[in-house]
Amino acid sequence: MLEVNHIDTYYGELKALWDVSLTLDKGEIVALIGANGSGKSTLLEAIAGLLPPTTGEILFEGVRLDKEPSHRIVEFGVCLVPEDRGIFPGMNVSENLELGAFSKRGRKEKEETLHVVYGLFPILKNRRNQLTRTLSGGEQQMLAIGKGLLSRPKLLMLDEPSLGLAPLVTKNIFEAICQINQTGVSILLVEQNVHIALRVAKRAYIIENGRIVQHEQAKNLLRDRRVIQAYLGTHYA
Amino acid sequence: MPKNWKSFFIFGGIIALLAMLPLFTNRSDVLTWSCLTLQYILLSQSWNIIGGYAGQVNLGHAAFFGLGALTTRYLWLAGLPFPASLLSGAFIATVFALLIGIPAFRLRGIYFVIGTLVLAEILKVVIDTRFPVASVLPVETLLTYSLLPRYYLSLMGAVLSVIAVYFISRSRLGLGMMAIREDEDAARTSGVNILQNKLIAFAISTFLAGLAGGIFAFYMVAIQPGYVFSPIWTFDSVVIVFVGGIGTLIGPIIGSVFFVLLKQWLSLHLPGGLHLAVFGVLFILVVLYMPDGFIEAIRRYGKMVTLGRKPMVQGG
Amino acid sequence: MVQFLAQTFVNGINVGALYGLAAVGLSLIFGVMRILNVAHGEFLMVGGYIGFWLFKLYGVDPFVGLPLVGIFLFLIGIVFYKVVFSRVAKFHEEVKLKNSLLIAFGLYLIFPQIAMVLWTADERAISPAYSGQAFDLLGVRFGYVPLAGVCIAIIVILAMYLFLTKTYFGKSLRGTAESWKAAKLSGIHIEWTFMITFGLGISLAGIAGVLIALTQELTPFMGMPWTLKALIVVVLAGMGSIVGAFVAGLILGIVEAVSAIFMGPYTIAIGLLIFLIILVLRPQGLFGRA
């Protein structure tokens with residue numbers, strides 16, 4: 001469904017991605033693993049159109065995304081929930097969700113999706129008139145994912161959804177991610193918490209210094225001593 | 001450093017030529033234009049120090065020009081020797097700058113821009129109300145009025161400003177100023193005393209602006225006090241610095257020559273103040289397409305010429 | 001004495017409503033786009049003169065002309081956005097702010113000179129037959145035209161407020177103001193949003209210009225003083241706050257009217273001085289949050 005073919009990306013004159021390729025099939029959860037600054041977020045931003053690649057191509061259901069502006073990419077059903085969560089801190093929860101459905105694609109089914117999101121994260125319904133900046137970190141992350149869902153994505157890209165959250169909250173978020181995946185939404189996941197990422201993902205790519213260095217079934221990576229030492233910390237070994 | 005010596009010789013040569021200019025010609029229009037150009041070099045270099053090197057876009061520069069002009073004019077006409085009046089004018093401008101500098105530099109970025117703009121406006125309103133009548137030179141001074149001393153004074157002012165900018169750009173102070181311009185927080189963490197640095201830059205800048213005002217007050221036969229505080233002085237300096245090349249030594253010189261020539265030419269061919277509109281368009285074009293000014297364009301052209309020559313040499 | 005104070009108060013509100021209206025456009029553009037348009041007053045002047053032309057040349061009543069001027073200035077705003085400001089809109093915040101400020105500054109050099117050619121330096125005003133009429137209430141004089149100006153200002157700002165809080169498109173403008181990245185990822189077409197915002201802000205300036213032409217005079221050089229007024233109001237209110245800008249405008253109008261009694265010609269300087277002090281002590285504005 002998603003095909004990234006040999007892309008290079010630059011921040012100004014600084015090369016951030018080198019010949020990166022990646023595929024993702026319909027209904028899959030794929031994890032992207034790497035250290036800080038290895039280019040995980042850059043890759044997601046390239047796909048979302050925030051930082052278009054200079055060479056290579058990005059195909060989504062056969063359509064070239066790399067030449068499209070980001071608001072059009074949302075219309076194709078590709079949605080990024082960025083690391084800073086991409087929510088509007090000075091607006092209330094329901095306004096945030098509403099703007100999540102700003103695309104034509106999302107607006108058509110806004111009411112039904114809203115129902116689904118409130119079902120997934122009931123706390124958001126209670127907080128719907130509250131300003132976003134007054135929410136807790138976990139609630140903000142729920143809102144961020146909920147807002148993403150309102151664009152009716154076929155592919156949801158999540159950048160560090162567990163960042164700064166307590167373990168229990170992280171667990172809730174990941175349960176929700178699995179539920180979202182079960183409704184048929186494909187997920188491309190960037191996650192520091194490699195352990196949890198590899199347990200929900202089917203396949204994973206390892207990225208180092210802007211290059212994909214390994215691509216493997218998630219369950220194999222969980223047994224790979226090298227990976228465990230590099231990304232999971234030794235106490236898991 | 002042979003390269004430096006070469007620049008010194010060129011600089012000295014130009015000064016010598018300019019000093020001898022009155023020997024070659026006694027056409028008053030040439031002298032007038034030269035006077036204006038030199039005064040604009042002084043004024044625009046003074047803005048260049050605070051705006052170009054320290055990166056603080058001061059849109060209230062007219063206030064310091066005006067203070068220098070008004071103080072010099074009144075002290076001079078009150079009987080004080082002119083050099084003392086001139087220095088007093090520049091001094092008053094500097095004192096005022098230091099007074100307002102401490103609160104003003106609490107403001108960063110856009111707020112500093114607005115603050116200085118408003119400050120100059122306050123001064124203009126007060127001066128307009130307090131001194132509504134134009135100051136005209138008394139008859140006895142008028143009878144002995146000669147362009148020559150005005151010309152040499154302008155030349156001295158311009159040379160002083162160029163030397164000042166030259167030494168600033170090579171000093172520790174200048175390094176600190178440029179660090180602030182590039183990234184204030186980074187400068188702070190690398191040990192630059194931000195406020196002190198800005199204040200010194202501001203003091204030098206406003207001293208020269210006050211000097212420019214004083215020379216202008218010496219040069220003009222009649223002065224409307226409100227006029228020397230008009231924002232037009234700020235704008236002329238900013239346009240000259242940007243068009244020539246902001247934060248460079250030569251940029252404001254090129255800018256001033258170009259500005260005065262184009263202004264003269266346009267005022268012959270366009271009615272009223274339309275030349276200002278042309279400068280506005282030019283300024284916008286420079287900001288959009290030539291952010292480093294003419295000097296960069298000249299440099300790039302020079303590079304193109306030398307680069308273009310190389311393969312020919314190799315081929316031959 | 002009470003009557004005199006009440007009259008001063010009313011005069012202050014008449015002027016203050018216009019300050020508010022002039023400021024709202026500036027605030028909108030700054031809030032959404034992070035562009036400080038110091039040529040705002042220039043567009044206001046153009047609006048005033050277009051209203052003057054409509055009235056003088058075609059006999060269009062200024063209150064009928066008002067929406068026409070609004071639409072025309074909206075289009076002018078879009079043209080100026082497309083031709084100049086869009087070229088800096090893509091830069092990072094600090095560069096964008098600085099470059100857009102310089103560009104607006106260039107426009108400030110251009111506009112008055114062109115206005116001099118088109119309309120001469122003479123003071124102009126839009127003076128329909130009913131312009132001097134007024135009624136008395138408890139000894140306080142209410143001019144019909146200034147009163148209508150206040151009402152229109154309130155209606156326009158209320159409409160703006162409803163547009164921003166109740167409509168989908170308005171919310172997308174607010175979203176863009178909060179975070180352009182989040183807006184992009186939500187499928188908002190930023191370029192389009194910027195263009196409409198700029199048009200709306202300029203249109204508000206134009207409407208304010210016509211109302212000013214009805215109660216004060218038009219000159220080619222009125223732009224900068226009005227930009228300064230609008231800036232003061234916006235800084236008082238905190239950048240980007242719409243209703244705050246209107247309230248701050250009223251406050252400024254009243255303060256000026258009252259201080260004019262004591263300060264005479266120095267009133268403007270006092271207003272500016274108060275502004276400077278507030279700017280230094282509370283850069284986020286009186287009503288803005290830290």
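Reader: Let's start with the sheet: in which sense do strand E4 (residues 55-60) of chain A and E5(A) pair, and over how many bridges?

Author: First, how to read it: strands are DSSP runs of E with at least two residues, helices are runs of H or I with at least four, and both are numbered from the N terminus. Two strands pair if DSSP finds at least two bridges between them. Here E4(A) and E5(A) pair in the antiparallel sense, over two bridges. Before we go on, this is a predicted model, where local features need pLDDT of at least 70 and side-chain atom pairs count only at pLDDT 80 or more, while totals for chains, interfaces and linings use all residues. Residues are numbered from 1 along each chain as its sequence is written, chains are lettered from A and ligands numbered from 1 in the order in which they are written, and side-chain values use heavy atoms, with hydrogens and water left out.

Reader: OK. Which strands make up the whole sheet, and in what order?

Author: The order is E2-E1-E4-E5 in chain A, an open sheet of four strands with antiparallel pairing. At the edges sit strand E2 (14-24) and strand E5 (63-64) of chain A, each pairing on one side only. Strand E1 (residues 2-11) of chain A is joined to E2(A) by seven bridges, and to E4(A) by five.

Reader: Which residues stand opposite each other, if I want to find the pairs on screen?

Author: Try A:Thr9, which stands opposite A:Leu17 in E2(A). Then look at A:Asn5, opposite A:Glu57 in E4(A), and at A:Leu59, opposite A:Arg64 in E5(A). As a general idea, side chains in a regular strand alternate between the two faces of the sheet. The hairpin of E1(A) and E2(A) has two residues between the strands, and A:Gly12 takes a positive phi near 60° there.

Reader: How many salt bridges does a search of the whole structure find?

Author: The rule is a side-chain nitrogen of Lys or Arg within 4 Å of a carboxyl oxygen of Asp or Glu. The search gives 25 over all chains. One of them pairs A:Glu28 with A:Arg203, with 2.6 Å between the closest N and O atoms. That pair links distant parts of the chain, 175 residues apart: A:Glu28 is in the loop between E2 and strand E3 (29-33) of chain A, and A:Arg203 is in strand E9 (residues 203-208) of chain A.

Reader: Are A:Glu28 and A:Arg203 buried or exposed?

Author: Buried means under 20% relative accessible area, exposed means over 50%, and partly exposed is in between (1.4 Å probe, protein chains only). A:Glu28 is buried at 4%, and A:Arg203 is buried at 8%.

Reader: Which chains does the salt bridge of C:Lys181 and A:Glu45 involve?

Author: C:Lys181 lies in helix H7 (residues 180-185) of chain C and A:Glu45 in helix H1 (residues 40-48) of chain A, so the pair joins two chains. The N to O distance is 3.7 Å, and both residues are buried.

Reader: Which residues are linked in a network with A:Arg64?

Author: A:Glu57, A:Asp66 and A:Lys67 are linked with A:Arg64 in a network of salt bridges. Between A:Arg64 and A:Asp66 the closest N and O atoms are 2.8 Å apart. A:Arg64 is partly exposed at 35%, whereas A:Asp66 is buried at 6%.

Reader: Now helices. What span is expected for helix H14 (residues 274-289) of chain B?

Author: The expected span is 1.5 Å times one less than the number of residues. H14(B) has 16 residues and reaches 23 Å from its first C-alpha to its last, close to the expected 22 Å. Since 12 of those 16 residues are buried, the helix is largely enclosed by the rest of the structure; among them are B:Phe279, B:Gly280 and B:Phe283. Helix H3 (residues 61-77) of chain B is mostly covered too, with 14 of its 17 residues buried.

Reader: And how sure is the predictor about chain C?

Author: Look at pLDDT, the predictor's confidence in each residue, from 0 to 100. Chain C has a mean of 87, and 97% of its residues reach 70 or more. Confidence in chain C is lowest in helix H11 (residues 267-281), at a mean of 78, and highest in helix H8 (residues 190-215), at 95.
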